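Q: I'm new to reading protein models, and I'd like a close look at one part: the place where the ligand sits. Could you walk me through it, and then show me what else is worth a look in the rest of the chain?

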Amino acid sequence: MSTYKNQLSFAQEKDQNDPLRKYREEFYFPTFHEKEVVYFTGNSLGLQPKRTQSYIQKELDDWAKWGVEGHFHANNPWFSYHELLTSKAAKVVGALDKEVVITHSLTTNLHLLMVSFYRPTKKRYKILCEAKAFPSDQYALESQVKFHGYEPDDAIIEIAPRAGEHLIRLEDILTTIERNKDEISLIMIGGMNYYTGQLFDMKTITEAGHKIGAIVGFDLAHAAGNVELNLHDWGVDFAAWCTYKYMNSSPGGVSGMFVHERHANDASLPRFAGWWGHNKDVRFKMEKGFVPMEGAEGWQLSNAPILGMAAHLASLDIFDEVGMKAISKKRNDLTAYLEFIIEEVSKASSKAEFEIITPSNPDERGAQLSILAHGQGKALFDIMSELGVVADWREPNVIRIAPAPLYNSYEDVWRFGQILAEAIQ
Ligand SMILES: *Cc1c(COP(=O)(O)O)cnc(C)c1O
């Protein structure tokens with residue numbers, strides 16, 4: 001049974017005993033009516049680490065000092081700047097260094113990866129994805145199948161929750177794979193669904209996909225930096241993620257790409273190439289004939305946007321210090337406390353008309369809880385915003401909240417409960 005209490009003193013004691021407590025001081029918190037907000041939207045845009053400014057300033061200084069020579073003479077030469085991020089990012093997603101590169105933005109990377117890994121044939125041309133995927137992913141998939149001359153209605157198979165349910169059952173994913181085993185070319189799923197916060201069993205889905213001869217890729221926008229991942233061991237073919245959500249790396253910040261080692265030297269893969277993916281030893285010979293770098297680096301098109309990369313490096317250094325194990329441990333507990341608080345508030349008021357649709361099993365979720373607000377959802381959300389909660393409203397009636405373990409406290413969760421109770425009244 002739960003040992004949690006809906007009491008300020010309890011929350012404060014939890015904070016006192018939290019090994020990650022000091023990291024809250026590493027971030028800037030927005031204020032509203034001169035009070036720090038309860039910031040529960042790290043799943044949409046993570047807060048700014050205080051150290052980010054100095055990382056960016058360093059590159060601005062080197063740019064001022066060196067001009068173009070900074071490519072080779074800056075303290076962290078820009079020519080190879082992305083290499084500074086690789087190992088740290090690889091640890092976050094459970095990959096080998098050569099399987100990861102930080103480059104471009106998320107949707108761009110999904111397209112680049114699908115150019116290589118969605119290779120439909122006459123018989124095997126379908127893409128399996130989750131229903132209600134993030135809109136950008138839907139558009140990417142739609143345009144990819146059209147690009148190859150197929151009709152989205154025919155070529156895209158969506159797996160939806162069963163009638164009356166909110167979550168997608170693993171068994172339904174597996175039977176859909178089996179039922180379409182001769183036609184599925186690619187399985188491309190959001191590893192964690194942005195709307196419900198459901199975390200999929202990527203290992204099992206990857207195995208099932210490979211068994212029928214399909215390629216398996218994941219969009220990890222909501223999973224990277226949130227839950228522990230083991231992309232290499234799970235055998236995932238490819239993945240991409242953004243770094244501005246749980247990874248606090250600036251609005252619209254750079255993205256990560258994963259390509260499994262087994263594809264590292266496959267020169268037969270079609271790809272849209274650019275000079276930064278070309279063998280770096282001869283890159284500046286500016287010669288004809290693309291020779292890809294080994295591994296994920298071979299998918300880079302352009303020289304890196306150094307200021308965005310610097311912001312990501314600042315954040316990765318925090319992740320590297322703390323480690324995903326410690327982050328996951330606190331996340332599990334903090335989210336469970338939030339779930340407890342919401343249930344307490346719900347029990348205490350006859351006016352509470354909401355339910356949490358995110359899985360209650362900690363292995364099937366990350367930091368986010370999605371609250372389905374029956375009836376007056378938007379009004380409730382607006383009052384809570386007015387009382388200092390920064391959460392996220394998704395049409396038609398879901399409030400998404402995500403306490404980020406690096407900077408949110410147990411006291412934030414308790415305060416959220418107080419505000420929720422007040423808003424219901
Ligand atoms: C946030 C998010 C995106 C955003 O894509 P950008 O290219 O970074 O604008 C795409 N897909 C998913 C699943 C997301 O959660």
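A: Start with T107: an N or O atom in its side chain is 2.6 Å from an oxygen atom of the ligand. Keep in mind that this is a predicted model, so every distance here is computed from it. K245 does something similar, with a side-chain N or O atom 2.5 Å from a ligand oxygen. H222 joins in too, and there the distance from a side-chain N or O atom to an oxygen of the ligand is 3.2 Å. Of the 400 Å² of accessible area that the ligand has on its own, the protein covers 82%.

Now look around the ligand. Besides T107, H222 and K245, the surrounding residues include L106, F134 and D137. D219, A221 and Y244 belong to that ring of neighbors as well. Sort the shell by character and you get four nonpolar residues, two polar ones and three charged ones.

Next, step back to the greasy part of the protein. The largest nonpolar core holds 66 residues. Those with the most contacts inside this core are V93, L220, L231, W241 and L406. Helix α11, residues 306-322, gives the largest share, with nine residues. Where does this core lie with respect to domain 1 and domain 2? It lies between them, because domain 1 (8-49 + 323-424) and domain 2 (81-322) both give residues to it.

Let's move on to a helix. T335 sits in α12, which runs over residues 324-348. Is T335 buried or exposed? Its relative accessible area is 1%, so T335 is buried. Its side chain has a partner, too: it reaches the backbone oxygen of R331 at 2.9 Å.

The loops have some nice details of their own. Take H104, in the loop between β4 (100-102) and α5 (106-117). With 17% relative accessibility, H104 counts as buried, because the cut-off is under 20%. If you follow the sequence, H104 and Q300 are 196 residues apart, but in space their C-alpha atoms are 7.8 Å apart.

P359 tells a similar kind of story. You'll find P359 in the loop between β11 (354-356) and β12 (369-373), and at 4% relative accessibility it counts as buried. P359 and T196 are 163 residues apart in sequence, while their C-alpha atoms are 8.3 Å apart in space.

Another proline to look up is P396, in the loop between β14 (392-394) and β15 (398-401). The peptide bond that leads from E395 to P396 is cis, with omega near 0°.

Finally, check the backbone angles of two residues. H33 has a phi near 50°, which is a positive value in a residue other than glycine. N248 has a positive phi as well, near 55°, and N248 isn't a glycine either. H33 is in the loop between β1 (31-32) and β2 (35-36), whereas N248 is in the loop between β9 (238-242) and β10 (255-259). What about their surroundings? H33 has a relative accessible area of 61%, so H33 is exposed. N248, at 4% relative accessibility, counts as buried.

Definitions and conventions. Residues are numbered from 1 along each chain as its sequence is written. This is a predicted model: local features need pLDDT of at least 70, side-chain atom pairs count only at pLDDT 80 or more; totals for chains, interfaces and linings use all residues. Side-chain values use heavy atoms; hydrogens and water are left out. A residue is near a molecule or strand if one of its heavy atoms lies within 4 Å of it. A polar contact is a pair of N or O atoms within 3.5 Å; within protein, one must be able to donate a hydrogen and the other to accept it, and residues adjacent in sequence count only if both atoms are side-chain atoms. Accessible areas come from the Shrake-Rupley method with a 1.4 Å probe; for residues, only the protein chains shown count as cover. Ala, Val, Leu, Ile, Met, Phe, Trp, Tyr, Cys and Pro count as nonpolar, Asp, Glu, Lys and Arg as charged, and the others, Gly among them, as polar. A nonpolar core is a set of buried Ala, Val, Leu, Ile, Met, Phe, Trp, Tyr and Cys residues joined through side-chain atoms within 4.5 Å. Buried means under 20% relative accessible area, exposed over 50%, partly exposed in between (1.4 Å probe, protein chains only). Helices (H or I, at least four residues) and strands (E, at least two) are DSSP runs, numbered from the N terminus. Domain bounds come from an automatic or database domain assignment.
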